Amino acid sequence: MEPKVVLVTGASRGIGRAIAAHFGSLGHKVVINYASNAEAAEESAAAVREAGGEAMTISADVGVAAAVDAMFVRIAEEMGPVAILVNNAGITRDDLMLRMKVEQWDDVIATNLRSVYLCSKAALRAMLRAKWGRIISVGSVSGIAGNPGQANYAAAKAGIIGFSKSLAKEVGSRGITVNVVAPGFIETDMTAGLGEEVTASAAANIAVGRLGQPDEIASAVGYLASEDAAYITGQTVVVDGGLAL
Amino acid sequence: MERSAIELKMVDLLVEELGIERDKIAMTSKFEEDLEVDSLGVVELLMALEDNFDVNIPDEEAETITTVSEAVDIVEAKVNA
């Protein structure tokens, strides 16, 4: 595949960084979107360049329409139209539903789900013109099986699945596939705060007996973006080491 | 810009972007019934019109377009505004 412009949202660390570096290793031009951590975003950009790709960083709150539109305009000017969109940006605001404040709900829905709608809509124009595109969103086993304390996160992640299936049906005839990769427990900052006991107990329920690595999510995303995956759309690929079985 | 120039370009875009046979296209043709353009196709055509004529067609106006000549009307109004 010739070098394409790949936008990865929330790519300053964790799974987003691994995805960005993976596309870099495939020789693509990677745009690293981040919310506020410019230094970390630059480290992700360095990882992309080291792997063999081109990189630029761009700060934007992907839950805000004006910020998303401005971001896409800038990317088109500096690198070209986005051909592969990876909706990875995500936050958690965990709490038992009974105690969950409206802001906790709204913030998670905005950053995790509204962002998917906003970025996909902004990317679609160029993908339709090119009659080729890949929209891959990062879901979660939480959205498939539910998780106590994550009613908001699970709702957003489950929402991504319904959204992706619908969009897949709308644009499939134009060579654009829309899929979801749903990670299980992956070793990143998001799970680092869980503590040894929770992690060990999680591993006991995972068929392969360990947490996953960000690279293992990145390679699934990379596959779905490839020409080989042109007949896969509206799907959710669960990468959880056999947790949600 | 002359209406006839817009009409010519419109037909070209319908042929190139949506793969419609040139001799099927009349100004009175309805996109969905006569030209078998699906709803996504109309959106794609309007995007091509925006890019070609350097105009902006808001969604509310785009939704009213059902025939080729209505699309020409809107482009003509925007281009000559």
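**Exercise 1.** How many of the six residues of strand 2 (residues 29-34) of chain A are buried?

*Solution.* Keep in mind that you are looking at a predicted model. Start with the strand as a whole: six of its six residues are buried, and strand 2 of chain A is mostly covered. Next, sort the side chains by direction. Lys29(A), Val31(A) and Asn33(A) point one way, while Val30(A), Ile32(A) and Tyr34(A) point the other way, and all are buried.

**Exercise 2.** Find the strands that pair with strand 2 of chain A, and trace the helices that link them.

*Solution.* Take one partner at a time. Strand 1 (residues 5-8) of chain A runs parallel to strand 2 of chain A, and four bridges join the two. Within this pairing, Lys29(A) has Val5(A) opposite. Now add helix 1 (residues 14-25) of chain A: together with strands 1 and 2 of chain A, helix 1 makes a right-handed β-α-β unit.

Then turn to strand 3 (residues 54-59) of chain A, which is also parallel to strand 2 of chain A and is joined to it by six bridges. Here Val31(A) has Met56(A) as its bridge partner. Helix 2 (residues 38-51) of chain A completes another right-handed β-α-β unit with strands 2 and 3 of chain A.

**Exercise 3.** Why is Ala65(A) classed as partly exposed?

*Solution.* First locate the residue: Ala65(A) belongs to helix 3 (residues 65-78) of chain A. Now count its surroundings. Ala65(A) is partly exposed because 13 other C-beta atoms lie within 10 Å, whereas a buried residue needs 20 or more and an exposed one has 12 or fewer. Finally, look along the chain: Leu118(A) is 53 residues away in sequence, yet its C-alpha atom is 6.2 Å from that of Ala65(A).

Notes: Residues numbered from 1 in each chain as written. Chains lettered and ligands numbered in written order. Predicted model: local features only at pLDDT ≥ 70, side-chain atom pairs only at ≥ 80, totals over all residues. Pairing = 2+ DSSP bridges. Right-handed = clockwise from strand over helix to strand, strands pointing away.
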